[in-house]
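User: I'd like a close look at a single part of this protein, with the surroundings filled in afterwards. Could you walk me through it in plain terms?

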Amino acid sequence: MGSITLGLGRVLLVRTDHDADLIKFITDLAKRQQIDAATFTAVGAVKTAKLAFYDQQTHQYTEIPVPEPCEIVSCTGNISIKDDQPFVHAHAVLANKDGHTKAGHLVAAQVFAAEVHLFELWGQKLERKNDSVTGLALWDT
Ligand code: ZN
């Protein structure tokens, strides 16, 4: 376990572009605004999406396709540095027209319309490094 303390910087409320990929949009926003660390939430709707489940035994992601329009019921994530670039990590709960949900690690999502609430964090560098126990790139705190 490790932790660092960061200060709250700018708060950005951003409407995404139509048809943007949500992960790429937030990554590009971070690069444009020179944001190295942040937390964010997003609400809105997607046309399609790709979620994933990380198998803790095999250390492989299994894809969960979402091939239909869905509400973004919840999307939460963070930005930190990986390989010297802003890296977006997000999870989402998506609901289809019947209210049925799929949830998981958000790999990609084609936005119908979405709003991102982003809280920039200042202070120390928050960087991801490969973790041999989990096989994931975790915060190096
Ligand atoms: Zn994840």
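Is Asp19 buried, partly exposed or exposed?

Analyst: Happy to help, and please keep in mind that this is a predicted model. Asp19 is partly exposed, because its relative accessible area is 39%, which falls between the 20% limit for buried and the 50% limit for exposed.

Let's begin with its partner. Asp19 forms a salt bridge with Lys47, and the closest N and O atoms are 2.5 Å apart. The two residues come from distant parts of the chain: Asp19 sits in the loop between strand 1 and helix 1, while Lys47 belongs to strand 2, 28 residues apart. Lys47 is also partly exposed, with a relative accessible area of 32%.

This contact belongs to a set of 4 salt bridges in the structure. Another one joins the side chains of Arg10 and Glu120, at 2.8 Å from N to O. That pair, too, links distant parts of the chain, with Arg10 in strand 1 (residues 7-15) and Glu120 in strand 6, 110 residues apart. Arg10 is partly exposed at 34%, whereas Glu120 is buried, because its relative accessibility is 2%. A further salt bridge, between Asp28 and Lys24, has an N to O distance of 2.8 Å. Here both residues lie in helix 1, 4 residues apart, or about one turn of the helix. Asp28 counts as partly exposed, at 28% relative accessibility.

Helix 1 and strand 2 also lead us to the largest pocket, since each of them gives two or more residues to its lining, as do strands 3, 5, 6 and 8. The pocket holds about 430 Å³ of space. Its lining has 22 residues, and Tyr61, Phe87, His89, His105 and Leu136 lie nearest the centre. By class, 14 of the lining residues are nonpolar, 6 are polar and 2 are charged. Strand 6 gives the most, with 5 residues.

Two of those central residues bring us to the metal. The zinc ion is coordinated at 2.1 Å by His89 (NE2), His91 (NE2) and His105 (ND1). Along the chain these donors follow the spacing H-x1-H-x13-H. His91 in strand 5 (residues 85-95) and His105 in strand 6 (residues 101-122) are 14 residues apart and link distant parts of the chain. His105 is buried, with a relative accessible area of 17%, whereas His91 is partly exposed at 39%.

Note on methods
Residues numbered from 1 in each chain as written. Predicted model: local features only at pLDDT ≥ 70, side-chain atom pairs only at ≥ 80, totals over all residues. Heavy atoms only, no water. Donors = N, O, S within 2.8 Å, 3.2 Å for Na, K, Ca; no water. Buried < 20%, exposed > 50% of the residue type's maximum accessible area, 1.4 Å probe, protein only. 1 Å grid on protein atoms, 1.4 Å probe; cavity = no way out; pocket = protein on both sides within 12 Å on 5 of 7 lines; lining within 4 Å. Points joined across faces, edges and corners; volume = space filled by probe spheres on them. Nonpolar A, V, L, I, M, F, W, Y, C, P; charged D, E, K, R; others polar.
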